[in-house]
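Here is a short report on one protein chain. Keep the structure open while reading.

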Amino acid sequence: MKSRLTALCKQLLVFISENLMLVGILVCVTLSILSRAYFDLSYISPDSAHYLRAAREILRGNGFYVYPEWFGIWPLGYPFLIAVTAFVTRAEVYLASKILSIIIVWIIGIMLYKRFNRIAWAYAFVMFNVGFRYIFFYTWSETAFILGMFLLAFVTVDIICDETVKASHYIRLTFASLLMFLSRYIGAFALIVIGVLWLTFLFRRIKLKDKLSGKRVLYLTAAGAVTGIFIISYLLLNQRMTGYMTGTPRVPAGHLRDTLLELYRAMMIEMDYVFDTFIAIGPLRAALLLWVFFIGFLFYSFARHKEGLAQNDRAVITPLVFILIGVVYWLAIVAMRLSAHFDDFDFRLLFPSSAMLFIGFVGLLTLNDRIKQFFKLYSAKIIPVLCLCGFIMMMLVITPRLSGTSGYRQTRDHVLSVYAGIPDGAVVLWGDTLHLMFLRDNVDSVHVDLSSDDIAGFWETLKDYDEIYINIPAMKKHLDEYDGFAGELYGYFYHYRESGEMLEKLR
């Protein structure tokens with residue numbers, strides 16, 4: 001046992017010494033997640049609060065029932081992973097979500113190393129993209145979704161390039177597809193990828209009489225059927241429980257011209273985010289030129305390596321698969337956003353596509369032997385690693401700590417102390433909804449529209465609560481927003497403006 005442990009330690013040291021750049025990047029990203037998202041700030045959006053509350057309910061054994069209504073607006077997969085992490089580590093759900101993000105970062109890093117060996121660090125630079133950083137700072141399901149996209153891309157390469165047909169590839173294909181869907185409903189686009197593979201191998205079977213392609217068609221049929229049946233069953237269950245397949249009615253998209261203009265600006269910002277950690281590329285025109293260069297480089301590279309594509313050369317197929325999956329996802333999310341409004345176009349929607357394009361771009365660069373040798377040469381250089389890590393640590397870890405912000409633990413303690421006297425089952429008007437949702441999920445929070453004159457309707461919405469409280473500081477902010485407004489609700493709450501209490505009991 002001792003000899004095995006010694007051998008394992010030696011192997012680990014050899015790996016680190018040969019891959020200093022990759023390990024340095026992973027360590028920097030790990031520290032930045034802990035520093036920025038736990039010790040400095042608490043990155044919690046409304047979606048984050050719902051995920052954390054769902055994770056708590058899963059730990060309590062309530063499953064899909066969260067409010068206690070059915071949890072259908074988001075898939076349950078990501079909250080389930082948080083709950084599993086919390087159960088194993090015994091950490092509270094917010095810290096568990098950060099631990100999960102770090103685990104996913106290292107899984108992606110290991111996947112890159114297994115595929116690209118000593119040049120994996122060049123691919124790992126995708127983790128310094130602003131979109132990647134902030135997705136992993138927040139408690140967002142995109143973390144698991146991005147992992148699923150990497151898995152999907154790598155297993156697709158294996159299916160195309162391997163000379164033998166292995167059932168394990170198609171099991172992994174199904175797993176990756178379901179991981180994406182259970183993270184975000186848009187993950188159903190994996191069925192398009194499976195369908196394209198199916199049609200490609202069916203064509204080869206019919207035209208080229210390739211028996212292996214016929215076998216691949218059968219396995220892809222099985223993988224697609226399992227994935228499709230699961231997705232349809234999940235959505236139909238949502239519809240039965242909530243009346244809607246995705247748990248809520250969808251708001252129609254806005255004016256097409258405005259939406260397309262928003263998409264254009266978001267795509268320019270996506271290009272800027274590639275460089276933003278290190279340099280600012282300036283006006284949007286520069287981003288447009290970089291996109292033109294990028295697209296031209298893709299066409300040039302694939303035209304130059306047509307023989308490799310025809311021969312299923314893994315070095316050429318890998319970047320092609322990543323790029324195509326990124327494009328398919330981009331088309332799917334844009335089509336979905338053009339048909340319904342759910343989020344504005346930003347890095348949260350677009351980065352998964354950008355990540356795939358980045359990996360594809362680096363893959364095409366490494367087709368040049370000189371560039372590939374350069375990446376190998378610097379994979380274990382100490383001075384570049386120290387310079388890179390020092391810069392990144394300053395940007396992502398040290399500088400935020402000097403800003404004087406308080407971290408999650410301080411925020412949690414503050415919220416729990418402020419609302420400690422509120423009994424279970426009560427409601428707080430203008431309460432801290434984001435934190436109460438998972439820190440005190442037995443206390444509700446309601447935002448009051450002060451532009452309304454319907455006092456009777458206001459009391460009707462609160463009839464089920466025995467005790468009602470007002471968050472006075474938050475109420476004052478909203479009163480200031482409606483300064484001079486003569487509505488009845490505004491006038492009613494204006495009488496509490498002079499209160500010096502944090503919380504005032506209304507009923």
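The report covers packing, rings, backbone and a few single residues.

## Nonpolar cores

This is a predicted model. Its largest nonpolar core holds 140 residues, and Leu 112 and Phe 150 touch the most other members. Helix H8, residues 142–161, supplies the largest share of this core, at 14 residues. Another core lies apart from it. That one has 18 residues, including Val 448, Ile 468, Leu 489 and Tyr 490.

Phe 150 repays a closer look. Leaving aside neighbours within four places in sequence, Phe 150 is in contact with Ile 108, Met 111 and Leu 112. Under that rule its contacts also include Phe 322, Met 356 and Ile 359. Leu 112 thus appears twice here: as a contact of Phe 150, and beside Phe 150 as a residue touching the most other core members.

## Aromatic rings and charges over them

The model has 44 aromatic pairs. In one of them, Phe 181 and Tyr 234 meet edge-to-face. Their ring centres are 5.5 Å apart, with 90° between the planes. This pair links distant parts of the chain. Phe 181 belongs to helix H9 (residues 167–183), Tyr 234 to helix H11 (residues 211–242), and 53 residues separate them. Both Phe 181 and Tyr 234 are buried.

Some rings gather in a group. One aromatic cluster is formed by Tyr 43, Tyr 134, Phe 137, Tyr 138, Trp 140, Tyr 273 and Phe 347.

Arginines also meet rings. Arg 184 lies over the face of Phe 145, at 4.7 Å from the ring centre. The charged end of Arg 337 sits over the ring of Phe 345, 5.5 Å from its centre.

## A helix crossing

How do H3 and H5 cross? Helix H3 spans residues 46–59 and helix H5 spans residues 93–116. Their axes come within 10 Å and cross at roughly 105°. H3 is therefore roughly perpendicular to H5, as angles of 65 to 115 degrees count as such. On the H3 side, the contact is made by Leu 52, Ala 55, Arg 56 and Leu 59. On the H5 side it is made by Val 93, Tyr 94 and Ser 97.

## Backbone in the loops

Tyr 67 and Pro 68 are joined by a cis peptide bond, with omega at about 15°. Pro 68 lies in the loop between H3 and helix H4 (77–89).

Asn 117 is not a glycine, yet its phi is positive, near 55°. Asn 117 sits in the loop between H5 and helix H6 (120–124). Lys 209 is also not a glycine and has a positive phi of about 55°. The loop that holds Lys 209 runs between helix H10 (190–208) and H11.

Asp 210 is found in the loop between H10 and H11. Setting aside residues within four places in sequence, Asp 210 is in contact with Arg 204 and Arg 205.

## Exposure and contacts of single residues

The table lists relative accessible areas for six residues.

| Residue | Relative accessible area | Class |
|---|---|---|
| Asn 117 | 42% | partly exposed |
| Thr 174 | 12% | buried |
| Lys 209 | 61% | exposed |
| Asp 210 | 26% | partly exposed |
| His 435 | 9% | buried |
| Pro 473 | 35% | partly exposed |

Thr 174 lies in helix H9. Not counting residues up to four places away in sequence, Thr 174 touches Ala 223, Val 226 and Thr 227. At 12% relative accessibility, Thr 174 counts as buried, because the limit is under 20%.

Which residues does His 435 touch, not counting residues up to four places away in sequence? They are Ser 42, Ile 44, Thr 411, Val 415 and Arg 440. His 435 is found in helix H20 (residues 433–439).

Pro 473 is found in helix H22 (residues 472–481). Glu 501 and Met 502 touch Pro 473, with residues up to four places away in sequence not counted. Pro 473 and Tyr 38 are 435 residues apart in sequence. In space, they are 25 Å apart, C-alpha to C-alpha.

Key: Residues numbered from 1 in each chain as written. Predicted model: local features only at pLDDT ≥ 70, side-chain atom pairs only at ≥ 80, totals over all residues. Heavy atoms only, no water. Core = buried A, V, L, I, M, F, W, Y, C linked by side-chain atoms within 4.5 Å. Buried < 20%, exposed > 50% of the residue type's maximum accessible area, 1.4 Å probe, protein only. Helix = DSSP H or I, 4+ residues; strand = E, 2+ residues; numbered from the N terminus. Contact = heavy atoms within 4.5 Å. Phe/Tyr/Trp six-rings, centres within 6.5 Å; stacked < 30°, edge-to-face > 60°. Lys NZ or Arg CZ within 6 Å of the ring centre and 35° of its normal. Axes fitted to C-alpha atoms, helices over the stretch in contact; angles between N-to-C directions. Parallel < 35°, antiparallel > 145°, perpendicular 65-115°, else oblique.
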